[in-house]
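Biologist: I'd like to learn how to read a few features straight off a model. Could you walk me through some?

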Amino acid sequence: QVQLVESGGGLARPGDSLTLSCTASGNDFSALEMGWHRQAPGKERELVAELKSGGKAKYADSVKGRFTISGNRAKGPVYLQMSSLQPDDTAVYYCYASEVDYDGGYEPDVWGQGTQVTVSP
């Protein structure tokens, strides 16, 4: 199996920057895409950014120009550089990998446990 672990969350003030990291452990694997979702209190989980097959990155409109995703979309690690943070960015941030092939198995999606990002004055 494959496990994803996020790190780098915490408390930030408006305008600050944080970088989230996602590392993989377990079986050697290859994913089609890797990226980040987030879920704010009382809201549905939403896409933040992802590294797509073909090498392109996709961003939610709300983070374009402020967040940058980087890393290895097939094997991790994957990073999310967040700048000009706003209170609306407060959420649990989840790393994920889609269409994960590994020795002895396949998973359509693998998710990390999440890391909390809180932006408050």
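Modeller: Sure, we'll take a disulfide, an aspartate and a hairpin in turn. Keep in mind that this is a predicted model.

Biologist: How many disulfides does the structure hold?

Modeller: Look for cysteine sulfur atoms within 2.5 Å of each other. Here there's one disulfide: cysteine 22 pairs with cysteine 95, with the sulfur atoms 2.0 Å apart. The link is left-handed, at -75° about the S-S bond. Cysteine 22 sits in strand S3 and cysteine 95 in strand S10, so the pair ties together parts 73 residues apart in sequence.

Biologist: Are cysteine 22 and cysteine 95 buried or exposed?

Modeller: Both cysteine 22 and cysteine 95 are buried.

Biologist: Now the aspartate. Why does aspartate 89 count as buried?

Modeller: Buried means under 20% relative accessible area. Aspartate 89 has 1% relative accessibility, so it counts as buried. You'll find aspartate 89 in the loop between S9 and S10.

Biologist: What does the side chain of aspartate 89 make a polar contact with?

Modeller: Its partner is the side chain of arginine 38, at 3.0 Å. The aspartate 89 side chain also reaches the backbone nitrogen of glutamine 86, at 2.8 Å. Beyond its neighbours within four places in sequence, aspartate 89 is in contact with residues including Arg66, Phe67 and Val117.

Biologist: And the hairpin: how do strands S8 and S9 run?

Modeller: S8 (residues 67-71) and S9 (residues 78-82) run antiparallel, joined by five bridges. Threonine 68 in that pairing stands opposite glutamine 81. Six residues lie between the strands, and glycine 76 takes a positive phi near 70° in this hairpin.

Terms used
Residues are numbered from 1 along each chain as its sequence is written. This is a predicted model: local features need pLDDT of at least 70, side-chain atom pairs count only at pLDDT 80 or more; totals for chains, interfaces and linings use all residues. Side-chain values use heavy atoms; hydrogens and water are left out. Two strands pair if DSSP finds at least two bridges between them. Helices (H or I, at least four residues) and strands (E, at least two) are DSSP runs, numbered from the N terminus. Buried means under 20% relative accessible area, exposed over 50%, partly exposed in between (1.4 Å probe, protein chains only). A polar contact is a pair of N or O atoms within 3.5 Å; within protein, one must be able to donate a hydrogen and the other to accept it, and residues adjacent in sequence count only if both atoms are side-chain atoms. Contact means heavy atoms within 4.5 Å.
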